[in-house]
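Here's a quick briefing to read alongside the model. Have the sequence and the 3D view open as you go.

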Amino acid sequence: MKDFLEIYNLQHWNTIKDRIYTTTTDEVRKSLNKSKRNLTDFLHLISPTASRELENMAQIASKMNRQRFGKTIQLYAPLYLSNECQNICTYCGFSMDNKIKRKTLTNTELIIEAMALKDMGVEHILLVSGEANKSVDVHYFLNAIEILKPYFEHISIEVQPLSTEEYNILHQAGVHSVLVYQETYHQDVYKTYHPKGKKSNFEYRLNTPDRIGQSSMHKIGLGVLLGLEDWRVDSFFTALHIDYLQKIYWQTKYSVSFPRLRPAHGIIEPNFIMEDKHLLQLICAYRLWNPDLEISISTRESESFREHIIPIAVTSMSAASKTNPGGYKVDPQSLEQFEISDERSMLEIKNIIKEAGYDPIMKDWDSAYSYNKQS
Ligand code: SF4
């Protein structure tokens, strides 16, 4: 069976870049006027030339989003389990070479954090941890899931890349979806951002979504860290990856997220600035290309951007997030992975969504509806 690495190796970063930057107005208009769009259309729509059609793109995206997802926005919150990490990533506050106090939540602390989230009305949690394979491993996750399951309807994870067998074990324990970000698809520079640790293995990370697809997980979330390399080229490769996965693992759902590099203790500045209008263009391009793709916006983004994007193309949002282990109740002062931008409460975000004429959804999944993906 092919894996994505084989597809990736047929592409060249600079060739894709040239194609994006030489897209003509005619090509953009043709892509806009289609009812079904392919990856070449996506490439046209993320080009600098297409930025002149942003208003038109936003109108089409908004209509498509309402047709496919209705006027609903799913809400979730991250629960940071641990800031221990055995990798050096030059853009992250949890990087192994950062001299910070390390913390992994105990059983009692997991319950305290769960109760704080429950008081906020949270039903969907995203469990996040650094990559400390020895101490925060599958056994730790299984124990955490066992403790947290009674409190929440929907559990997603964003942890170190695992094996297919481990993803199957976690799915059976109650995990619904897995998020894994390649950070950048630019292999030539990947190692400069990831000089040490297991994450420095570009190819192992690149094939992680294949391993998730081969497991019984329901949903895979992809993305890149926007700000490391040229967002247009990195986003084309993300779309290429999603396109490949959708064809091979067609029973799985997919989502895309847009983490923009945010300030954190001891990290690098963005190499490539992505302005709000660029992020809007990218989100619209994803929706125009892929009507089924779920689109998630986190609290990294500003209040005004998050409000602006609600009627355009978002399907899920995090709210009231804390990006440090124990951040909700146990240890609010511990160091965050990155600073959040939108600090409003869950209730405030719900009200903002309602004021825009949309329904905030806390629970979109019931384990009673679970099915075997492989059957
Ligand atoms: S990005 Fe993830 S793997 Fe890298 S240092 Fe931060 S927590 Fe560790």
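In this predicted model, the buried residues of α6 pack against three elements: β1 (72–82), β2 (124–129) and α7 (138–148). The points below start with that helix, then turn to the cysteines and the nonpolar cores.

**Helix α6**
- The residues doing that packing are E109, L110, E113, A114, A116 and L117, the buried residues of α6.
- Looking down the axis of α6, you'll find these buried residues within an arc of 160°, so they line one face of the helix.
- That fits the usual geometry: with 3.6 residues a turn in an α-helix, residues three or four places apart point the same way.
- Turned away from the buried side of α6 is a face with the exposed residues T108 and D119.
- The length checks out too: α6 has 13 residues (107–119), which at 1.5 Å a residue should span 18 Å, and its end C-alpha atoms are 19 Å apart, in agreement.
- After α6 comes G121, with a positive phi near 90°.

**Cysteines**
- The structure has 0 disulfides.
- C85 is buried at a relative accessible area of 16%, and C284 is buried at 0%.

**Nonpolar cores**
- The largest nonpolar core has 105 residues, and F258 and Y286 touch the most other members.
- Setting aside neighbours within four places in sequence, Y286 is in contact with F42, S235, T238, A239, I242, V256, F258, L293 and I295.
- There's also a second, separate core of 17 residues, with Y91, L179, L261 and I340 among them.

How values were computed. Residues are numbered from 1 along each chain as its sequence is written. This is a predicted model: local features need pLDDT of at least 70, side-chain atom pairs count only at pLDDT 80 or more; totals for chains, interfaces and linings use all residues. Side-chain values use heavy atoms; hydrogens and water are left out. Helices (H or I, at least four residues) and strands (E, at least two) are DSSP runs, numbered from the N terminus. The expected span of a helix is 1.5 Å times one less than its number of residues. Buried means under 20% relative accessible area, exposed over 50%, partly exposed in between (1.4 Å probe, protein chains only). The arc is that of the directions from the helix axis to the C-beta atoms. Contact means heavy atoms within 4.5 Å. A disulfide is a pair of cysteine sulfur atoms within 2.5 Å. A nonpolar core is a set of buried Ala, Val, Leu, Ile, Met, Phe, Trp, Tyr and Cys residues joined through side-chain atoms within 4.5 Å.
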